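Biologist: I am new to this structure. Please take me through some of its side-chain contacts.

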Amino acid sequence: MDLKNKHFVIIATIVLVLSCKESVPKLRNIEGQRIQINYSSNPNDSIENVIAPYRNRINEVLDSVLAYAPMTISKTDGTLNSPAGNLMADIVMQEVNPVFTARTGKQIDFVLLNFGSIRSVISEGDITERTAYEVMPFENSVVVAELDGKAIRAMVSFLIKSSVAHPISGIQIVVDKNKSLQAVNIQGKPFDENKTYNVATSDYLITGGDKMDFLKEYISVTDSDYLIRNTLIDYFKKIDTLTAATDDRFMQIK
């Protein structure tokens, strides 16, 4: 093969190889449109037929009457403590303490939750499981933290300075007209700085949520594996009529 033919073969081969090479696609533009989905949208019958029995069963369970509220229970009806906050904290104390005692042989000394976790009022009328989901929609569980005197002091200071009524139970805080601390009692006894206390709270707050950094200073922590919402449901099943009010657990002497 002469030189001219060799060059022709080489060039032809290169062209053939390049023509067979897969091209890389390039994104040139993005187009989109908004599709509105609302209650006026027509459901897909086949999907609806599958979902309907499950939805109906869930609604049946959620709407079964468990108890009765003779009045609306709100977290805003109070300054230093509120009916809703007191009720929730008392429920956690009552429902979780037996679990904690069974696991550790110890008692919960007091409960601290946060104002923001209560997401709805408890309306006057029938109380259902749906009520519990409305009040506590989060998947937060109860943990019990062992705190020393320094952390308790920081907690009390935080609660005094707070602009909202965080739920507490098992502890009493007394301040004067200038909001200066006068007394702290835990389980009816004066606070002892040299003791450690078992504080039931939420797994959200134990990490410093809602600016409660003092809870991160725990000595030890025990997870109850008990959702706060489930403590409400279990309590509702045990009683006939809810009662809740403000009291002297956090009080200001005028």
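Biologist: Is R249 buried or exposed?

Modeller: This is a predicted model, in which local features need pLDDT of at least 70, side-chain atom pairs count only at pLDDT 80 or more, and totals for chains, interfaces and linings use all residues. Residues are numbered from 1 along each chain as its sequence is written, and side-chain values use heavy atoms, with hydrogens and water left out. Buried means under 20% relative accessible area, exposed over 50% and partly exposed in between, with a 1.4 Å probe and protein chains only. R249 has a relative accessible area of 12%, so R249 is buried.

Biologist: With which residue does R249 form a salt bridge?

Modeller: A salt bridge is a side-chain nitrogen of Lys or Arg within 4 Å of a carboxyl oxygen of Asp or Glu. For R249 the closest N and O atoms of the pair are 3.0 Å apart, and the partner is D90.

Biologist: Which residues join D90 in one network of salt bridges?

Modeller: The network arises from salt bridges that share partners. Besides D90, its members are D247 and R249.

Biologist: Why is the pair of F191 and Y197 called tilted?

Modeller: Rings of Phe, Tyr and Trp (its six-membered ring) pair if their centres lie within 6.5 Å; planes under 30 degrees apart count as stacked, over 60 as edge-to-face and the rest as tilted. The ring centres of F191 and Y197 are 5.9 Å apart. The pair is tilted because the planes stand at 40 degrees.
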